[in-house]
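Me: I am new to protein structures and would like to learn how to read one. Could you take me through it step by step?

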Amino acid sequence: MSSTVRDVMTTPVVTVRQDTPFKQVVARVRAARVGAVPVTDDSGLVLGIVCEHDLLAKKASPERSPSRLARAWRHREQGKAAAVTAASLMTSPAVTTRAEATTEEAARLMYRHRIASLPVVDWLGRLIGIISQGDVLDSFTRPDAQIRREVVRDVISRDFLLDPQAFSVAVQDGIVTLSGQPESDQVGHLLAAAVRRVEGVVGLRDQLRYTAGRTGPGAGSATQLF
């Protein structure tokens, strides 16, 4: 099933303080595997985050633009270009996540906010780890045989208490083809939904036999993606 942020996050985390000089921030960001460093206070509270893009403003002069939105963006980038400490470089408040969140929830946050990493905090907002896009995407490199084993052993047999011999499960390039006769349409739909949530599954071809001999919406060549 879906892994949690705690399962894949990096710890301990490379961090900086608000008064960390620019050159030291660059060194810390380059040393961090995730391409970003949280800015913390003495108690470990996350105040902001500095990523590689923030540092590029020092090298790249923001282009002039007549639009108000572009002028506001340019003003912010000019501030980063003139920054000499982490306090002026950082994006604050930082978008964060909790260790108990699923990697799918973390991925949605990254996608929605167009960011490459998330500091992981406890209930007080103190830093305990960091998760990157690469950490989330690693699940899609999971071997097909391992995915098939989890679908058969953990989902069909353990979670649904069904006879695995009644179903056929094939996995190629992360796409699961599931066929067989569920005891009811409801069970079939729930089973298909559970298979889609297995870590590393790219898509599902639902070829289960439903009422009146119909197969699922993913029958044939159609692939039901997330």
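Reply: We will go from the whole chain to a sheet, a helix, a hairpin and a few special residues.

Me: What should I know about the model before I begin, and what average pLDDT does the protein have?

Reply: Start with where it comes from: this is a predicted model. The pLDDT gives the predictor's confidence in each residue, from 0 to 100. Here the protein averages 86, and 82% of the residues score at least 70. Read the stretch 218–226 with care, as its pLDDT is below 50. In the model, that stretch still has 24 contacts beyond near neighbours in sequence.

Me: How many helices and strands are there in the protein?

Reply: You can look for nine helices and nine strands. Of the 226 residues, 41% count as buried. The accessible surface comes to about 12,900 Å², and carbon and sulfur atoms hold 53% of it. Take the contacts between residues at least 6 apart in sequence: 55% of these join residues at least 24 apart.

Me: How do I read a sheet, and in which order do the strands of the open sheet of three stand?

Reply: The general idea is that strands of a sheet pair through backbone hydrogen bonds, either parallel or antiparallel. In this structure, the open sheet of three strands has the order β3-β4-β5, and its pairing is mixed. The strands β3 (97–98) and β5 (127–132) are at the edges with a single partner strand each, so one side of each has no neighbour in the sheet. Strand β4 (residues 117–121) runs parallel to β3, and two bridges join them.

Me: Which residue is the bridge partner of Arg98 in β4?

Reply: Find Val121 in β4, for that is the partner of Arg98. Then look for helix α6 (residues 103–113), which lies across β3, β4 and β5. This helix runs at about 130° to β4.

Me: Now a helix, please. Which residues of α8 are buried?

Reply: A general rule helps here: an α-helix has 3.6 residues a turn, so residues three or four places apart point the same way. In α8, the buried residues are Ile147, Glu150, Val151, Val152, Asp154, Val155 and Ile156. Try the rule on Ile147, Val151 and Val155 as you read along that list.

Me: What do those buried residues pack against?

Reply: They pack against β6 (167–172), β7 (175–180) and α9 (185–196). As you follow α8 (residues 144–159), notice also that the helix bends by about 25° at Val151.

Me: Let me try β6. Which residues are on its covered face, and which on its uncovered one?

Reply: Phe167, Val169 and Val171 make up the covered face, while Ser168, Ala170 and Gln172 make up the uncovered one. The partner strand is β7: the two pair in the antiparallel sense over six bridges. One place to see this is Gln172, which stands opposite Ile175 in β7.

Me: How many residues lie between the strands in the hairpin of β6 and β7?

Reply: There are two, and Asp173 takes a positive phi near 55° in this hairpin. Asp173 is a residue other than glycine. Is it hidden? With a relative accessible area of 62%, Asp173 is exposed, because the cut-off for that word is over 50%.

Me: Where does Leu161 lie, and what is its phi?

Reply: Leu161 lies in the loop between α8 and β6, just after α8. Its phi is near 55°, again a positive value in a residue other than glycine. Leu161 is exposed too, with a relative accessible area of 71%.

Me: Is Thr20 buried or exposed?

Reply: Thr20 counts as buried, because its relative accessibility of 8% is under the 20% cut-off. You will find Thr20 in the loop between α1 (5–8) and α2 (22–31). Leaving aside neighbours within four places in sequence, its contacts are Val25, Val84, Thr85 and Ala86.

Me: Last of all, which residues does a cis peptide bond join, with omega about 0°?

Reply: Those are Ser92 and Pro93, and Pro93 lies in the loop between α5 (86–89) and β3. The peptide bond from Thr11 to Pro12 is also cis, with omega near -5°. Look for Pro12 in the loop between α1 and α2.

Conventions. Residues numbered from 1 in each chain as written. Predicted model: local features only at pLDDT ≥ 70, side-chain atom pairs only at ≥ 80, totals over all residues. Heavy atoms only, no water. Pairing = 2+ DSSP bridges. Helix = DSSP H or I, 4+ residues; strand = E, 2+ residues; numbered from the N terminus. Contact = heavy atoms within 4.5 Å. Axes fitted to C-alpha atoms, helices over the stretch in contact; angles between N-to-C directions. Bend = angle between axes of the 7 residues up to and from the residue. Buried < 20%, exposed > 50% of the residue type's maximum accessible area, 1.4 Å probe, protein only. Areas by Shrake-Rupley, 256 points an atom, 1.4 Å probe, with all protein chains shown as cover.
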